[in-house]
There are 2 protein chains.
Amino acid sequence: MTKQESRSTLNVNHDTQPTIDTGYVVGVDIGGTNLRLALADMDGVVVGKWSYSIVGVNGVDAVMSLICDGVERLLREVSAPRHTLKSIAVGAPGITDVNEGIVIATSYLMGWRDVPLRALLENAFHVPAAIDNDVNLAAIGESWAGAAKGTRDFVFLAIGTGIGAGIVLNGHPFHGENWAAGEIGYMLIPGTPETPCERGKPGALESMIGGEGIRTQWQSLWSADGTTLPKDLTATQIFDHALAGDSLAQTILRQSARLLSLAIYNMSLVLNCPLFVLGGSVGTHPELCTATQNMLELWNMRRQPQLTRSALGADAQLMGALRLALDTIASRSSHLAG
Amino acid sequence: MTKQESRSTLNVNHDTQPTIDTGYVVGVDIGGTNLRLALADMDGVVVGKWSYSIVGVNGVDAVMSLICDGVERLLREVSAPRHTLKSIAVGAPGITDVNEGIVIATSYLMGWRDVPLRALLENAFHVPAAIDNDVNLAAIGESWAGAAKGTRDFVFLAIGTGIGAGIVLNGHPFHGENWAAGEIGYMLIPGTPETPCERGKPGALESMIGGEGIRTQWQSLWSADGTTLPKDLTATQIFDHALAGDSLAQTILRQSARLLSLAIYNMSLVLNCPLFVLGGSVGTHPELCTATQNMLELWNMRRQPQLTRSALGADAQLMGALRLALDTIASRSSHLAG
């Protein structure tokens with residue numbers, strides 16, 4: 001318990017007092033470094049959050065066990081009995097078959113293949129469960145309570161360690177034939193390497209403007225003569241230094257913004273979407289957003305899409321999971337009862 | 001009339017004898033060089049076709065007048081009274097607001113802007129009318145009676161003089177926010193020029209692999225030492241010569257196939273569509289299709305989309321227009337009656 005305690009964070013809003021008939025839903029985000037849970041009432045008001053560092057934890061059983069712990073703790077903190085839990089929804093970091101409730105594949109870090117996550121959740125909690133790809137859930141979150149409120153067609157572009165797009169069409173996530181729509185980390189544009197996909201390796205675009213890609217670009221251009229900054233910086237640190245005036249950092253920022261603008265431009269030609277929301281730790285950096293917007297204008301499109309930063313930040317996935325959990329009560333209750 | 005006769009072609013199937021109660025629909029394709037009409041019965045069986053060269057004809061009034069002539073002639077040829085016409089649908093070569101029935105913009109050749117084509121048709125024929133972009137109609141045609149029968153999600157890729165995509169999602173054309181989805185002639189990929197859009201000029205991808213683009217590429221690489229072929233060849237002639245063994249023609253074919261494979265790859269990452277149908281005079285060339293399929297396999301996608309040639313060829317738009325005309329009877333009759 002000591003180790004677990006040190007890795008976990010619990011926040012509960014004790015202003016919201018539950019009544020005996022209150023129901024709750026749980027949203028879960030399985031991230032690259034943290035497992036995060038939120039408990040909300042039936043109006044979607046968040047009453048508690050719990051997060052736990054899962055660096056080095058990648059087994060399905062271990063993650064499921066942590067989710068169970070987290071749910072118990074959140075319910076306990078608001079003195080809610082177990083039967084008040086009405087549904088749970090989980091965002092998985094990979095290609096997810098929403099209909100069958102199966103995580104088809106996650107990145108090499110997690111290594112999941114064909115995990116029946118929805119069934120595991122329903123067996124554990126005896127409530128309706130739903131799963132989706134984490135970027136799609138972030139898009140749902142922004143659509144429900146963030147930067148895309150009221151917009152029926154938009155793209156949520158997540159740039160963290162990796163890069164992916166959650167496409168919302170007509171108010172619903174668009175998944176594609178094999179649940180792989182929006183896998184734009186592999187996009188080939190002027191300036192990306194022109195190499196075939198390799199399983200377990202970042203795609204061409206991701207290798208340039210994913211968080212790790214930007215870091216690698218920095219290191220490959222770095223020299224002691226070229227900058228006074230250290231060789232080991234994160235993408236967001238590099239963008240901070242670009243704002244502060246470092247010329248090498250500005251070069252990396254410009255290159256990243258140029259490639260990102262090209263990816264958005266190409267997606268926009270295909271989808272003719274009015275709005276792109278930038279999310280993820282790298283994607284929400286204000287310097288990247290501004291520089292990308294400027295680059296995008298250079299391409300002189302007939303209809304310039306609007307570019308904006310995520311309003312929910314790191315909570316986007318979690319809010320999307322809560323929205324999905326709320327929607328799941330109606331759509332799945334009858335199925336379970338049958 | 002003499003001039004018109006020399007430019008027009010009429011084909012009627014006299015095996016199909018109309019009864020007094022037979023109804024008909026008309027589909028129209030306004031192409032770059034020909035205006036084409038088809039008359040079909042209520043089962044969608046084509047009973048007559050009419051085409052007319054419109055090279056040099058680009059005024060709205062002139063085109064409308066020709067459509068009226070064509071409809072009259074087709075009805076007369078099957079001895080059908082005017083009241084048997086139940087609906088008409090027209091494919092326009094440009095960005096088309098399907099809801100309002102307005103052609104927003106066509107290419108510089110035609111130069112139409114904000115033409116209320118649906119209202120013009122309804123005023124002329126007093127039947128429900130509908131319009132859509134010609135590439136979208138070709139996609140509908142292939143979906144109804146061609147290479148995409150039974151496929152709910154696919155992309156029809158038209159390569160003629162220009163290049164455009166008709167995206168079908170969940171069985172319906174996907175239009176985008178401003179009716180401009182699928183405008184992929186502007187796509188920027190490794191190997192295209194990296195220049196902003198210019199109004200009235202072909203886009204980056206179109207300038208390389210549209211019919212005119214391929215012709216220009218040939219001319220720019222051509223030298224009397226490099227090939228025994230003439231400097232002035234069409235795209236399809238160049239591809240024919242590639243099959244026959246000319247090495248410069250093979251270079252052009254490879255370059256075209258490589259760029260087309262990259263465009264399909266990028267679209268596929270966004271949409272995760274299982275099928276791409278190649279249409280248009282250049283797109284249906286078998287050598288281009290085979291070479292592009294081979295290139296596409298090099299990119300090593302998780303799910304390789306199937307690539308196939310249009311089954312309807314030059315009739316794809318016309319068949320899509322007929323399908324739209326048939327669908328329009330139900331959806332628009334009540335509107336007109338109101």
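Axes here are lines fitted to C-alpha atoms, for helices over the stretch in contact, with angles running from 0 to 180 degrees between N-to-C directions. Helices (H or I, at least four residues) and strands (E, at least two) are DSSP runs numbered from the N terminus. The model is predicted, so local features need pLDDT of at least 70 and side-chain atom pairs count only at pLDDT 80 or more, while totals for chains, interfaces and linings use all residues. Residues are numbered from 1 along each chain as its sequence is written, and chains are lettered from A and ligands numbered from 1 in the order in which they are written.

A good place to start is chain B, where the axes of helix 8 (residues 247–271) and helix 10 (residues 286–298) come within 8 Å and cross at roughly 60°. The two helices of chain B are therefore oblique to each other (under 35 degrees counts as roughly parallel, over 145 as roughly antiparallel, 65 to 115 as roughly perpendicular, and the rest as oblique). Among the residues that meet (C-beta atoms, placed from the backbone, within 7 Å) are B:Leu253, B:Leu260 and B:Ile264 of helix 8 and B:Leu288 and B:Met295 of helix 10.

Turning to the pairing of chains, the contact takes 33 residues from chain A and 33 residues from chain B. Helix 8 (residues 247–271) of chain A gives the most to the side of chain A that touches chain B, with seven residues.

Chain A is itself divided into domain 1 (2–138 + 315–337) and domain 2 (149–310), with bounds from an automatic or database domain assignment. Their centres, taken over C-alpha atoms, are separated by 28 Å.

Note on methods:
Two residues are in contact if their C-beta atoms, placed from the backbone, lie within 7 Å.
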